[in-house]
Amino acid sequence: RTYTGAIGEFVLGHLSNDPMFGSTTASIFYELKPSEYPFYYQNTADSLYLDSIILSLKWKYTFGDTLGTQKIDVYRVTQFLRPDTAYPITASATYGEWMASKTFLPAILDDSIQLAKYKVTNQLRIPLDNSFGRRLLSYDTSSPRSPLKNDSLFRDFFKGFALVPQQLNSANALMTFDMDDTTTNLRMYYQYIKNGKRDTTYKTFTFNNLKYGGAINQISRKYSGSEASTYINNKGKDSLVYIQTAPGTYAKIRISSIDEFKKKKGNVIIHLAELSMQEVVTPARRAEVFTPPPFLYLESFDSSSNSYIPFIADGFNAGTFDPPTFGGMKKLSTDPQGNIVSRYAMNITRYLQGIITRNSPNYPLRLNAPYNVSYKERNVSFNLNHLCRGGVVLGGGSHSKQPMKLRVVYSKL
């Protein structure tokens, strides 16, 4: 979920081969419901004639190869999805009856489709088997046990859709969809008798309506065989640091030279303390397809309270995170070999000043590329990156040509 608690964006698809970070599979389990209860059609059930029933999701962007074939299967969820629960990305849902499948290239999502009477843009549209639509049309609201009578009866009848990607070798992308958008819906197109003639209309079931739906976005990462697998979970100094956007990887950083600096220089005024790092070109790099994260984020870790601490003095303005002040935004630079690469820098000036003058602890740091950042005890939450969008290799502290470094500008008292 976003920092406000809204569902926001979900990821779907199979990324079979990122040479740097391996594979990712993302499935979506979610409810779509009537806009109101009781839910009525334009006529009695025996005078309704189904044309088609379409499952649609509003596309936002694609990460990876847009020309690799994806195949999504649609199933019927068999368990209740709780609308009041933010499920972890490891969660799943049980499902049974197969309802449809869609084979397509992600590139088509960045386009429009001309329908009979209007045009739609940026949608994944999956036609469902008409037998499901005919069953929906057959229910009469006047019946006391009709699924269209109230939310409880509808959820007993239909618990949601499972969108599960097939793990094709050709599939090599992850697609992000806006679950809160009104065009993320189930739409039934049908005819009914009006003044003795057939007329055409539609009814829509949405995710975001008076009765919010439950949803799970299951995201599974596998690093085996990737370049990153050699470095993940290593202890000690690394020459390379692999950062993958959430849900992904992070790095622990210790700057022991700060203690030596304090010992040698004594009480000084810190004008600037900037931790900087540069992307390193490795054999697995495919930056034109698998782009680096727009933001990296740094926080300290207090082992005594087992909690992460934001750089409030350096990166926040009136309790709101301020990226231009703190840094972490991707910028382009040139590496020693003349390649155009990404560079990140974070301002920790006041943090270092506190260590020098107030004997604040020199905490270990965590570097990552988060989607949502939250410090509940401080009532601070915000979003940075998009889910699953980005990965980068950085020079670590022991890299011979592109080391991660802390630059300090100071003056003596």
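Me: How much space lies in the largest cavity?

Reply: About 80 Å³ of space lies there. Note that this is a predicted model.

Me: What makes it a cavity and not a pocket?

Reply: The test is whether a probe can leave. In a cavity a 1.4 Å probe fits but cannot get out, whereas a pocket is an open set of points. The structure holds three cavities of 30 Å³ or more, and the one of about 80 Å³ is the largest.

Me: Which residues lie nearest the centre of the largest cavity?

Reply: Met20, Arg286, Phe290, Thr291 and Gly391 do, out of 13 lining residues. By class, the lining holds six nonpolar, three polar and four charged residues.

Me: What lines the second largest cavity?

Reply: This cavity has a volume of about 60 Å³. Its lining includes Leu15, Asp18, Phe21, Gly22, Ser23 and Thr24, and also Phe63, Arg221, Gln244 and Cys388. Gly390 and Gly391 are part of that lining too. Strands S1 and S2 each supply at least two of these residues, and S2 gives the largest share, with three.

Me: Into which classes do the lining residues of the second largest cavity divide?

Reply: Four are nonpolar, six are polar and two are charged. Glycine is counted as polar here, so Gly22, Gly390 and Gly391 in this lining fall in the polar class.

Me: Why is strand S1 called mostly covered?

Reply: A residue is buried when its relative accessible area is under 20%. Eight of the 10 residues of S1, which runs over residues 9–18, are buried, and on that count the strand is called mostly covered.

Me: How do you know that S1 and S2 pair?

Reply: Pairing needs at least two bridges between two strands. S1 and S2 (residues 22–30) have four, in the antiparallel sense, so the condition is met. One of the bridges joins Gly13 to Ala26 in S2. A hairpin of three residues connects the two strands.

Me: What other strand pairs with S1, and in which sense?

Reply: Strand S11 (residues 173–178) pairs with S1 in the antiparallel sense, over four bridges. There, Glu9 stands opposite Asp178.

Me: What makes S16 and S19 edge strands?

Reply: They belong to an open sheet of four strands in the order S16-S24-S18-S19, with antiparallel pairing. S16 (250–253) and S19 (307–309) each pair on one side only, which is what makes them the edges. On average, neighbouring strands of this sheet are turned by 35 degrees against each other, direction ignored.

Me: How many bridges join S18 and S24 within this sheet?

Reply: Four bridges join S18 (residues 297–302) to S24 (residues 365–368), in the antiparallel sense. Glu299 has Arg366 in S24 as its bridge partner.

Me: Why does Thr245 count as buried?

Reply: The cut-off is under 20% relative accessibility. Thr245 has 0%, so it counts as buried. Thr245 is placed in the loop between strand S15 (240–244) and S16.

Me: What makes the link between Thr245 and Arg389 a polar contact?

Reply: The side chain of Thr245 reaches the backbone oxygen of Arg389 at 3.1 Å. The limit for a polar contact is 3.5 Å, and 3.1 Å is within that limit.

Me: Why does Gly64 count as buried?

Reply: Gly64 lies in strand S4 (residues 48–64). Its relative accessibility is 13%, so it counts as buried, the cut-off being under 20%. The C-alpha atoms of Gly64 and Pro147 are 41 Å apart, with their positions 83 residues apart along the chain.

Me: Which residues make helix H6 mostly covered?

Reply: The buried residues are Thr349, Tyr351, Leu352, Gln353, Gly354, Ile355 and Ile356. That is seven of the nine residues in H6, which spans residues 349–357. Just after H6, Asn359 takes a positive phi of about 55 degrees.

Me: Which strand gives the most to the lining of the largest pocket?

Reply: S16 does, with four residues. The pocket has a volume of about 1100 Å³. Of its 33 lining residues, Gly236, Asp238, Ala251, Lys252 and Ile253 are the closest to its centre. S15, S16, S24 and strand S28 (405–412) each supply at least two residues of the lining. By class, the lining holds 16 nonpolar, 10 polar and seven charged residues.

Technical notes:
Residues are numbered from 1 along each chain as its sequence is written. This is a predicted model: local features need pLDDT of at least 70, side-chain atom pairs count only at pLDDT 80 or more; totals for chains, interfaces and linings use all residues. Side-chain values use heavy atoms; hydrogens and water are left out. Buried means under 20% relative accessible area, exposed over 50%, partly exposed in between (1.4 Å probe, protein chains only). On a 1 Å grid over the protein atoms alone, a cavity is a set of points where a 1.4 Å probe fits but cannot get out, and a pocket is an open set with protein on both sides within 12 Å along at least five of seven lines; lining residues have an atom within 4 Å of a point. Grid points are joined across faces, edges and corners, and a volume is the space filled by probe spheres set on the points. Axes are lines fitted to C-alpha atoms, for helices over the stretch in contact, and angles run from 0 to 180 degrees between N-to-C directions. A polar contact is a pair of N or O atoms within 3.5 Å; within protein, one must be able to donate a hydrogen and the other to accept it, and residues adjacent in sequence count only if both atoms are side-chain atoms.
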